[in-house]
Amino acid sequence: MPILEVQGLSKSYRQMGGDTTLAIGNITCAVEAGEFVSFVGPSGCGKTTLLMSIAGLLAPSSGRILVKGREISGPPPNLVLVFQEFNKSLFAWRSVLGNVRFGLQARGNRSREAEARARSLIELVGLKGFEKAYPWELSGGMQQRVAIARALAYGPEVLLMDEPFGSLDALTRLELEDTLLRLWAELRTTILFITHDIEEAIYLSDRIWVLSRRPAEIVEELRIDFARPRDQVTTRAEARFMELRNDIYQRISGEGGR
Amino acid sequence: MNGSRDFNRRGWLLFAVLLLLWEIGSRSSPKLQLYLPPVSQILITLGDLLRAGEIVKHLATTLARFVEGYIFSAALAVTLGVLLGYFRFAHSLVEIVIEFLRPMPSVAIIPVAVLMLGIGDAMIVAVTIYASTWPVLINTIDGVRRIERTLIDTGRTFGLSGRQTLWRVILPAASPTIVTGLRVSLSIALILVTTAEMVIGSRGLGFFILDQERSMNGAAMYAGIVLVALLGYALNRIFLMFESRAMRWSNAMSARESL
Amino acid sequence: MEQCHVRAGVAISMRESKLNGLLFLLGVLLAWELATRAELVNPLVVPPLSRILVIFSDLLGSGQIPMQILVSMKRALVGYLLAALVFIPLGILMGLYDRLYRSLEVVVEMLRPIPPPVVIPVALLFFGLEDTMKIFVIFFSCAWPILLNALDGVRHIDRVLLHTAQTFGLARGKILWQVILPASSPQIITGLRVSLPIMLILVVISEMVGSTDGIGYFILDSQRRFKVAQMYAGMLALAILGYGLNLLFNWLCNLLLPWQAGMTRRTE
């Protein structure tokens, strides 16, 4: 059974003026446990709305989301969303360790092993030594790593990520991509990733869904077969990589200008 | 700022209910009436006082002192503030003195002012100026200091003279902060005027209100308070009117940023 | 503080700036002393600085000034803390529940424009010259900054923060304690900080208008008895008090909410 299923999801908003806009058209897809899948689409196509709906933070206008076969009606307990604006998502009043432990504490888990787990994750994301630092003391890349560590410490079966590296500089982005892959390989979480960066999606994923312009619908599904572990130099140098990239690029820009 | 919202029925309803409770409670207890006359009585008294004219003179006195003090302090504070904000050396000299004087409540200056200027309009206006200058001064200094270097350089690259830079770059760029200071100083000026009037017992609404209290004329006292509140409200509205016209660009900018 | 400064003239370092300031201050004080001694300024109105300082230390030693300050502070703090106790929770609730906010909005907007000192005669009517009068006045005056800032702080919490708490499955009650309160605390502190000088101002005014003791009364009384140097000594004490309260407040803030201090420093 797929760990996550989206069936006929659509979402419309009522605008200030009174008319409704359809953000998500009709999305149906399924994710298997342990997969790394990405949604790629042009800006403003409704990707964030899609992810928020899957995360249970927005109620769909129609359709349903199933996690391990059960329909959700609010944030499901074994799923966590990592936000794009990490600086607004981290808790300024908690240290790095305090933030990473947050999810566990929310579950009522205050044991010693919870703390140990938090610490090991901080080390896994490469922030060992910064446990007592506060978010504002860290760079953007480091802050996002804290957010990721916090999400993973919670131990979710599904991790949703909304353009997590979008506001970081190019080099940091590459670094974090590899960090994420390492974590994913080690923890075997299922990851659902959103990005507008085509090459990033190809580099990271097992499968990619290409989204149309608003209202978002899946226009293409691609399977990415590159060997793992992936490498920033060799994987990206493969001829197939460029083919996929051009393919997706044409698909997206073929969606027409606004 | 809440004008665009629909009529707050619930809010007005609660307000009306409270007024009603006041009215009923006051009327049913003669003892309470001494301290808290019924709303109707207060309003009637206010009407009588306005018609009799005496209170209008007090209002005019208070208003005149306020305007004098506020306008003068604004001019003084902005001028001084720009100079101190722009000339680092001057500011370094005065910074410590400012930090010393700031924490002292400006009302403490009233006895000094009485000593120097006696009791009368001059003294009241003087303390008003003293107190109202601070927020505007601090904000002006701050506003000018925070101006981006790039902005000044842009002016220079277009060959602006010193005076032009002042009027066309510095003042406009610092104006949002300055205006915030002016808004704070508006309430402070009214507070100082009414306070001084209470302390030294001259004419004016502050004096009137205290005087009525001493004579145990509860209704007249409250009537005076209502009038002061209305004055404060009116002044605020006038200020907002000016501000929204003059600061349209800044308000639009912050509105956009908050989206 | 770094590059965004408009500067005319040569760049001056912080240390130089402080030095300039101190020298200037000393210069002013010296000029004061000389001018009053030389009778350029009427010494009956502005006594020499040395005299003021002597009287000040006398009053300090005799316990007069500390006692008056204590009296004033007792009233002031009770009013201030009561206002915090009542209006912080109220502001938070109003920020959370829009219905409550709308209900109370009109009443708040009606009471807000009343200049606080004008409430003093009302308080006199009800409470006479008692301490309660001053406590009430301070309670009323500090209410609005505290209330409005708490309200604002809660309303302006970023939605991302709330969503984050939700995605971790936090129940509503816990969200309040673990997320909303900490996140709005900077703004709540701002309200408390702004109210501090208001508290001081109002205790002085209410003592000048209706009291027989306290530092405000002391200053006015000195003036009425033409004990001019004593009057200035009182003002000096008041300035030191104001300054000290500020320091105390900041110290407490850093102690209780250490994470905040660094944050605001960064964003400046």
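Into which domains is chain C divided? In this predicted model, chain C comprises domain 1, covering residues 1-46, and domain 2, covering residues 49-267. The centres of domain 1 of chain C and domain 2 of chain C, taken over C-alpha atoms, are separated by 31 Å.

The secondary structure of chain C consists of 11 helices and zero strands. The radius of gyration of chain C is 23 Å, whereas a compact globule of 268 residues would have a value near 18 Å. Along its principal axes, the C-alpha trace of chain C extends over about 75 × 60 × 30 Å. Of the 268 residues in chain C, 42% are buried. Among the contacts in chain C with a separation of 6 or more, 70% are between residues 24 or more positions apart.

Chain C also adjoins chain B: 53 residues of chain C are in contact with 54 residues of chain B. On the side of chain B that touches chain C, at least two residues each are supplied by helix 1 (9-28), helix 5 (88-101), helix 6 (109-117), helix 7 (121-145), helix 8 (149-157), helix 9 (162-200), helix 10 (205-214) and helix 11 (218-246) of chain B. Helix 5 of chain B makes the greatest contribution to this side, with nine residues. By residue class, the side of chain B that touches chain C contains 37 nonpolar, nine polar and eight charged residues.

Methods: Residues are numbered from 1 along each chain as its sequence is written. Chains are lettered from A and ligands numbered from 1 in the order in which they are written. This is a predicted model: local features need pLDDT of at least 70, side-chain atom pairs count only at pLDDT 80 or more; totals for chains, interfaces and linings use all residues. Two residues are in contact if their C-beta atoms, placed from the backbone, lie within 7 Å. Helices (H or I, at least four residues) and strands (E, at least two) are DSSP runs, numbered from the N terminus. Ala, Val, Leu, Ile, Met, Phe, Trp, Tyr, Cys and Pro count as nonpolar, Asp, Glu, Lys and Arg as charged, and the others, Gly among them, as polar. Domain bounds come from an automatic or database domain assignment. The radius of gyration is taken over C-alpha atoms; the globule rule is 2.2 Å times the number of residues to the power 0.38. A residue is buried if 20 or more other C-beta atoms lie within 10 Å of its own, exposed if 12 or fewer, and partly exposed in between; C-beta atoms are placed from the backbone.
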